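Please show me the structure first. Then we can go through it by question and answer.

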Amino acid sequence: MFIRAFRRVAGADRSAAFMHEYAIAEALVEQIERVAREHPGCTVRSAVVAIGGLRRIVPDILRFGFEIAAADSAAAGADLVIEHVPIRFRCNGCNAESVVDEAIYLCPACGSGDVTALSGDELMLKSVDIEDGQDSGSPEHP
Amino acid sequence: MAKIPVLQNILEANEAIAGQVRQRLERAGIIAYNFIGAPGAGKTSLLEQTLPRLRDRLPAAVIEADCATARDAERIKAFGVEVVQINTGSGCHVPAHLVLLALDSLPLERIRLLAIENVGNLICPAELDIGESGKIAVISVTEGDDKPQKYPMLFRQCCAVVLNKVDLIPHTDFRRERFENDLRAVNAGVPLFGISCRTGEGVDAWVEWLIGQTARE
């Protein structure tokens, strides 16, 4: 039996310094580029993302990673607007809904651990603000 | 200026491939566990303790992921189990597309259990779906008893927690009760197995649970 090896090639070196946020920044830039390709000639001004509290993302590090990942892409120079989504859950025992800062899944009302998460794990690109190029009048966004 | 609504999961590209992995595994009747833990927690040691106990009971294969070297795969190979090594370079987790590639090298028709040992890291591997049936959190006594709430993504999502190096508890400040309370606050019902890969303590209970899971499928 021999050992077959696979190696990751793309993006390996740049992601070394701040991996967690950088991997997310890279995926984000790819998505923004997809939007930009649908609007030829456009300039991307900003992107709005929603990040849940469970993700433990440091906004400044994500913004820094985004800046580097976006260089030489359609997202270069765009602002990243980060919306924080709180950790929310509903207790299956007493039905109380709670918002917590820390990831503690115990109902503050009755102490039960039987809870259903409602939000907090979001990692979503919500929208991209673009400025259309001169030669690409989009009928949907005049 | 125009606002283009997107509303897409940022990790969507990875999740689409994870869906393909999951479909292939389900079709082959394989249950796959993604072992996640810090470097040195004992992920490979846990597999070394587990694989001999599965022999003749549950045909298994292993995908080993590390930044570099095939050392872990060499350790696993010694047990006569099919193993594929993935090297991620400086990548801190296994992306789904490398798992999909690795499946091509495994005899899927002959196995029932696939153990995927992720890169040593408590954060990124918990974020990325790789098509597994469940995540196993591997943590060791020497890492401290306060980790579940520090790394809630992993401990909230995992379907079992293996606490390794329990033989060292008397020599450390680790308080098992504090660890369990911390864990229960993040994931109330998750099964917890206290084990020592060095002495073998508690490993049988973990293995019986594992076999029970595949029987239920």
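The questions below go from chain B as a whole to its strands, its core and its partner chain.

Student: What kind of model is this, and how are its parts numbered?
Tutor: This is a predicted model, where local features need pLDDT of at least 70, side-chain atom pairs count only at pLDDT 80 or more, and totals for chains, interfaces and linings use all residues. Residues count from 1 along each chain as its sequence is written, while chains are lettered from A and ligands numbered from 1 in the order in which they are written.

Student: How many helices and strands are there in chain B?
Tutor: Helices (H or I, at least four residues) and strands (E, at least two) are DSSP runs, numbered from the N terminus. By that count, chain B has 9 helices and 8 strands.

Student: Why is chain B called as compact as a globular protein of its length?
Tutor: The radius of gyration is taken over C-alpha atoms, and the globule rule is 2.2 Å times the number of residues to the power 0.38. For 217 residues the rule gives 17 Å. Chain B is as compact as a globular protein of that length because its own radius of gyration is close to that, at 17 Å.

Student: Which strands pair with β6(B)?
Tutor: Two strands pair if DSSP finds at least two bridges between them. Strand β2 (residues 31-37) of chain B joins β6(B) in the parallel sense over 5 bridges, with B:Ile36 bridged to B:Ala137. Another parallel pairing, over 5 bridges, links β6(B) to strand β7 (residues 160-164) of chain B. So the definition is met by β2(B) and β7(B).

Student: How many of the 7 residues of β6(B) are buried?
Tutor: A residue is buried if 20 or more other C-beta atoms lie within 10 Å of its own, exposed if 12 or fewer, and partly exposed in between; C-beta atoms are placed from the backbone. Strand β6 (residues 134-140) of chain B is mostly covered, and its buried residues number 6.

Student: Is B:Gln157 buried or exposed?
Tutor: B:Gln157 lies in helix α7 (residues 152-157) of chain B. Its C-beta has 20 neighbours inside 10 Å, so B:Gln157 counts as buried.

Student: Which residues does B:Gln157 touch, not counting those up to four places away in sequence?
Tutor: Two residues are in contact if their C-beta atoms, placed from the backbone, lie within 7 Å. With that cut-off, B:Gln157 touches B:Ala126 and B:Lys135.

Student: Which residues touch the most other members of the largest nonpolar core?
Tutor: A nonpolar core is a set of buried Ala, Val, Leu, Ile, Met, Phe, Trp, Tyr and Cys residues joined through C-beta atoms within 7 Å. The largest one has 104 residues, and its largest share, 9 residues, comes from α1(A). The most other members are touched by B:Val99, B:Leu114 and B:Ile116.

Student: How many residues of chain B are in contact with chain A?
Tutor: Chain A brings 43 residues to these contacts. Elements supplying at least two of them each include α1 (19-37) and β7 (123-131) of chain A. On the other side, chain B brings 41 residues.

Student: Which strands lie at the edges of the sheet that holds β7(A) and β1(B)?
Tutor: β7(A) and strand β1 (residues 2-9) of chain B run antiparallel, joined by 6 bridges. The open sheet of 4 strands has the order β3(A)-β2(A)-β7(A)-β1(B), with mixed pairing. Each edge strand pairs on one side only: β3 (79-85) of chain A and β1 of chain B.
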